[in-house]
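Please examine the fold shown below, following the strands first and the helices afterwards.

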Amino acid sequence: MKNYRPTALALMLSVVSVPALAAELAVVYRSPSCGCCEEWISYLKSKGFDATVISTDDVAAVKENMRVPADMQSCHTALIGGYVVEGHVPVEAIAKLLAEKPHVTGIAAPGMPQGSPGMSGPKEHFTVYAFGPLGKTVFMRF
Ligand SMILES: [Cu+2]
């Protein structure tokens, strides 16, 4: 095909210039039947994250392994940059987490806030918490 070479060249150039622009890797654990999980994963990808999705029927075990407190739990659980990211967390909070690198296990948007990324409906105010061995703190409000 005529446009094969330019495309390949463009691809090579983009690979060469990747270091500063590398997509952040996310591993997302979700139940196969979870629709809003799918929506959040699409949202993550649209924001430049490289998501690997692991479907499991036992998300409760995943949350327990990753030390997500019961009152912080939502549907999906992700691992991003060594942190746990629980639920419909906006990328602004993930960016803050990766920039500030606090000594926490992760951040969570507990429950399923209406209008949060991946959730339908009018946006309601919700809070993203940081959690870890030292407890929970407000991380960001939306
Ligand atoms: Cu959900």
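In which sense do strand β3 and strand β4 pair, and over how many bridges? In this predicted model, strand β3, residues 77-80, and strand β4, residues 83-87, pair in the antiparallel sense, with four bridges between them. Within this pairing, Leu79 has Val84 of β4 as its bridge partner.

A parallel arrangement is found between strand β1, which spans residues 25-30, and strand β2, which spans residues 50-55; six bridges join them. Here Val27 is placed opposite Thr52 of β2. To pass from β1 to β2, the chain runs through helix α2 (residues 35-46), and the resulting β-α-β crossover is right-handed.

Both pairs belong to an open sheet of seven strands, whose order is β2-β1-β3-β4-β5-β6-β7 and whose pairing is mixed. At the edges stand β2 and β7 (135-141), each of which pairs on one side only. On average, neighbouring strands of the sheet are turned by 25° against each other, with direction ignored. As a general point, side chains in a regular strand alternate between the two faces of the sheet.

The helices can now be placed against these strands. Helix α2, which carries the chain from β1 to β2, packs on the sheet and touches both of those strands. The direction of α2 makes about 160° with that of β2. Helix α4, formed by residues 91-100, lies across β3, β4, β5 (106-109), β6 (127-132) and β7. Relative to the edge strand β7, α4 runs at about 120°.

Conventions: Residues numbered from 1 in each chain as written. Predicted model: local features only at pLDDT ≥ 70, side-chain atom pairs only at ≥ 80, totals over all residues. Pairing = 2+ DSSP bridges. Helix = DSSP H or I, 4+ residues; strand = E, 2+ residues; numbered from the N terminus. Right-handed = clockwise from strand over helix to strand, strands pointing away. Axes fitted to C-alpha atoms, helices over the stretch in contact; angles between N-to-C directions. Contact = placed C-beta atoms within 7 Å.
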